[in-house]
Amino acid sequence: MLALRASRALPRTLPTLALQHRALHASSSAAQRQIEHLTVVGAGLMGAGIAQVAAASGVKVTMTDVSDGALENGRNIITKSLTRIARKKSPDDPAAQRAFVDSVFANLSTTTSAPEAVSSTDLVVEAIVEHLQTKQELFRRLDDVAPKEAIFASNTSSLSITRIAETCSEARRTRFAGFHAFNPVPQMKLVEVISTEKTLPEVTTALLDLCKRMKKVPVQCADTPGFIVNRLLVPYLLEAIRMVERGEATPEDIDTAMKLGAGVPMGPLELSDFVGLDTLSHIASGWRAERVSTGEIDAKQVEEVGLLEKLVGEGKKGRKSGQGLFDYSDK
Ligand SMILES: NC(=O)c1ccc[n+]([C@@H]2O[C@H](COP(=O)([O-])OP(=O)(O)OC[C@H]3O[C@@H](n4cnc5c(N)ncnc54)[C@H](O)[C@@H]3O)[C@@H](O)[C@H]2O)c1
């Protein structure tokens with residue numbers, strides 16, 4: 001009753017979600033079979049994390065990237081993370097630690113040939129550079145060679161899933177969704193599952209089911225800028241940096257105020273440095289260029305922040321570069 005009444009007042013895309021929600025709970029006999037084989041495109045931070053967690057959950061995974069060096073990087077990310085987990089699980093048993101790492105790698109293969117990787121896959125999750133045309137070009141190529149029932153999904157943080165899917169066939173667009181995992185994937189519980197206006201309910205159901213098998217907590221969202229988390233987070237972080245720029249409070253006091261007054265575990269400026277000031281600037285400029293004129297985002301919320309651009313221009317990108325709004329050179 002409540003859901004029905006609420007959905008009437010919601011924007012155009014949400015009744016679709018409400019329907020999918022009902023479909024999910026009404027029946028588990030969806031036409032989509034369980035995802036047994038996953039192809040992860042992009043062996044960077046996110047791709048490696050998604051591949052690791054899926055392989056550890058018993059899914060057969062193929063990870064693909066443009067070069068052997070990039071695949072090696074992905075395997076190293078996974079080895080490091082699994083070794084840490086294994087040491088925690090069996091602190092005094094090196095043989096058990098090795099067995100655990102090997103058992104996950106037994107479910108993981110790698111190749112530089114994306115067409116080969118997707119030739120008999122159930123799901124492709126893309127985690128390559130955050131660049132619309134590069135993602136569109138990748139999916140256009142894969143659409144021709146992947147099985148027609150395979151699901152395509154993007155891990156994009158800030159681009160439109162509908163736009164990424166544009167280069168695919170009409171049929172594939174019904175099997176196209178967002179699968180937005182969070183960094184670091186082995187630790188972060190959340191996955192945002194994003195449906196476009198064309199995504200079939202059975203596709204959403206299959207992705208939600210995979211999330212649960214990966215021991216993640218999925219949430220559903222329409223294809224709007226930043227989905228749930230970044231839509232709320234990005235304007236908030238930008239405004240915190242504007243407060244510093246206007247000299248209204250120090251970065252330390254803003255973070256202390258939000259931690260003790262709003263109960264957040266990390267203040268907005270420390271969080272901006274953690275996300276990466278370059279990433280924050282990139283998302284905001286992308287939204288200014290693409291999502292303001294469409295009416296999806298209010299221009300005021302993503303207005304350029306001089307201090308942010310200055311820091312990024314000086315190479316102060318946050319924690320990863322040793323300096324951002326705070327100094328990490330001794331950490
Ligand atoms: N880093 C984060 O915190 C985070 C969080 C959530 C989502 N994301 C999103 O995940 C995606 C990947 O981010 P990341 O941080 O893992 O990036 P990354 O730079 O660590 O890795 C990207 C990988 O993609 C590969 N690649 C580039 N073009 C390719 C192509 N055409 N085909 C195959 N591989 C290609 C690169 O060689 C690299 O290994 C982006 O869309 C990003 O917005 C990032």
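How far apart should the ends of helix H12 (residues 251-262) be, at 1.5 Å a residue? In this predicted model, the twelve residues of H12 should span 16 Å, and because the end C-alpha atoms of the helix are indeed 16 Å apart, the expectation and the model agree.

The two sides of this helix can then be told apart by burial. Pro251, Ile254, Asp255 and Met258 are the buried residues of H12, and, seen down the helix axis, the buried residues fall within an arc of 95°, so they line one face of the helix. That buried face packs against helix H11 (229-245) and helix H13 (268-275), whereas Leu260 and Gly261, on the other side of H12, are exposed. After the helix comes Gly263, which has a positive phi, near 70°.

A second theme is the set of positions that UniProt, in an unreviewed entry, annotates as "binding site", namely Ser81, Lys88 and Ser157. These positions are spread over 77 residues of sequence and are also spread in space, with up to 30.7 Å between C-alpha atoms.

Two of these positions have contrasting surroundings. Lys88 belongs to helix H4 (residues 68-89), and it counts as exposed because it has 9 C-beta neighbours inside 10 Å, where 12 or fewer is the cut-off. Ser157, by contrast, sits in the loop between strand E5 (151-154) and helix H8 (161-164), and it counts as buried because 23 C-beta neighbours lie inside 10 Å, the cut-off here being 20 or more. Apart from neighbours within four places in sequence, Ser157 is in contact with Glu130, His180, Asn230 and Ile283.

Note on methods
Residues numbered from 1 in each chain as written. Predicted model: local features only at pLDDT ≥ 70, side-chain atom pairs only at ≥ 80, totals over all residues. UniProt positions renumbered as here; feature names shortened; annotations may be inferred. Helix = DSSP H or I, 4+ residues; strand = E, 2+ residues; numbered from the N terminus. Contact = placed C-beta atoms within 7 Å. Expected span 1.5 Å × (residues − 1). Arc of directions from axis to C-beta.
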